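This report goes through the overall make-up of one protein chain, then its cores, its helix packing and a few individual residues.

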Amino acid sequence: MPRGIFLTEFQKGQAIAYRNDGKTIREIAGILKIGKSAISEFLKNPDAHGKRKKTGRPRKLTPKEQRNLLRQFKKRGAIIPTAQRESGLTHITRQTAFNYVQRSKQFQFKKRKHHPKWTKKHIADRQARGKKYMSWTTEWTSVIFSDEKRFNLDGPDGFQYYWHFLKQKEQYYSTRQRGGGSLMVWLAVGFGGRSSLVFIKGRQNHKDYIQQLETELLPYGSDWGGENWIYQQDGASIHTAQGVKKWFDDNNVQVLPWPAKSPDLNTVENVWAMLVERVYGQGRQYENVKELHESLDSVWNAFCQKDIQNLYDSMPNRVFELIQAGGKKTSY
């Protein structure tokens, strides 16, 4: 009988019946016209006949243990050692656990998204601002958005990765504002143009900020946002100092009332994301600040203004989504 071909259920019944009648294996093989080895193998262990043995090394985890491991990741996107510990699988290596998670195709290793820590007051204020601006469409093109960001040699602030279960919502984390870092950069963008990158040295006070606005914003405001341009800034203490407010009044700069801790409504946050992708693409790191400075300038000089204008087109949708979310986080 050829290798890999097994007795049919009818042949099995015949072989057992002939064997019970006292016939030899040779005689049974002759009657059924099947090889002696196949008859012998079947009669030795009828239950195992026809069941192929699995080749290769046995799996490290049982199906139940695999489900338990994946369950830990579904709960909170745990790091591998934590998931192993919580599921009682410390007998396997980190690489083995990684292989099981990756092979499941239910997870994706990705950066944890950020949103600030909100109080009820923050949420209520965000919702109120959303309702105030809900009728705005082309009015957004008169707004000049601004923001600051820290860039490090090894990557931008806030890089956190985790195993994301593809059937669940993406995870977020909360941080507090902190100074320091390799390079602190200020930026302003408008529908009609944008500022250069301003690299802030040391700790900035309100007088430094005013000087920055005088040289990097005031001469270009009407070019970027039109004759009745409006300036947007966050609520950092130097931005809201009395001296800064007086400067705005003296120079007839209209400031857009802005809800605290609302980066998802600021188009500059999306610009930062595009900069980060291009400056740190393929895991690039930098040896010194000068090298990082040059890379940022190079990427920004080649930046397409159309990409910024597309972000302005998204503003009505952002406001609508904010209202729909009751003042809580949006997808932006």
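## Overall make-up

Of the 332 residues of the chain, 39% count as buried. The model is a predicted one. Its chain holds 14 helices and ten strands. Among contacts between residues at least 6 apart in sequence, 72% join residues at least 24 apart.

## Nonpolar cores

The largest nonpolar core has 36 residues, of which Trp140, Phe145, Leu296 and Trp300 touch the most other members. Two or more residues come from each of the strands β3 (143-151) and β6 (183-190) and the helices α11, α12 (289-301), α13 and α14 (315-324). Helix α11 gives the most to this core, with seven residues.

Trp300 has contacts beyond its neighbours within four places in sequence. Its partners there are Leu187, Val189, Arg194, Ser195, Ser196, Leu197, Val271, Leu275 and Ile308. A second core, separate from the one above, has 18 residues, including Val198, Ile210, Ile238 and Val244.

## Packing of α11 and α13

Two packed helices are described by the angle between their axes and the distance between the axes. Helix α11 covers residues 267-279 and helix α13 residues 305-313; their axes come within 9 Å and cross at roughly 145°. The crossing of α11 past α13 is right-handed.

On the α11 side, Thr267, Asn270, Val271, Met274 and Arg278 make the contact, and on the α13 side Asp307, Ile308, Leu311 and Tyr312 do so. By class, the residues of this contact are five nonpolar, two polar and two charged. Val271 and Ile308, which take part in this contact, are also among the partners of Trp300.

## Packing of α8 and α10

Helix α8 (residues 206-216) packs against helix α10 (residues 242-250) at an angle of about 25°, and the axes are 9 Å apart. Angles under 35 degrees count as roughly parallel, and α8 and α10 are therefore roughly parallel to each other. The crossing of α8 past α10 is right-handed.

His206, Tyr209, Ile210, Leu213 and Glu214 of α8 meet Gly243, Val244, Trp247 and Phe248 of α10. This contact of α8 with α10 has six nonpolar, two polar and one charged residues. Ile210 and Val244, one from each helix, are also included in the second core of 18 residues.

## Val143 in strand β3

Val143 lies in strand β3. Is Val143 buried or exposed? Val143 is buried, because its relative accessible area is 0%, and buried means under 20%.

Leaving out residues up to four places away in sequence, Val143 touches Trp136, Val189, Gly190, Ile230, Gln232, Leu256 and Tyr312. Among these, Val189 is also in contact with Trp300, and Tyr312 belongs to the α13 side of the contact with α11. Val143 and Trp224 are 81 residues apart in sequence, and their C-alpha atoms are 8.6 Å apart in space.

## Buried residues of α3 and α5

In helix α3 (residues 36-44), the buried residues are Ala38, Ile39, Ser40 and Phe42. The elements that cover them include α1 (9-20) and α2 (25-32).

Helix α5 spans residues 80-87, and in it Ile80, Thr82, Ala83, Gln84 and Ser87 are buried. Gly88 comes just after α5 and takes a positive phi of about 70°.

Terms used. Residues numbered from 1 in each chain as written. Predicted model: local features only at pLDDT ≥ 70, side-chain atom pairs only at ≥ 80, totals over all residues. Heavy atoms only, no water. Axes fitted to C-alpha atoms, helices over the stretch in contact; angles between N-to-C directions. Helix = DSSP H or I, 4+ residues; strand = E, 2+ residues; numbered from the N terminus. Left-handed = near helix turned anticlockwise from the far one by under 90°. Contact = heavy atoms within 4.5 Å. Nonpolar A, V, L, I, M, F, W, Y, C, P; charged D, E, K, R; others polar. Parallel < 35°, antiparallel > 145°, perpendicular 65-115°, else oblique. Core = buried A, V, L, I, M, F, W, Y, C linked by side-chain atoms within 4.5 Å. Buried < 20%, exposed > 50% of the residue type's maximum accessible area, 1.4 Å probe, protein only.
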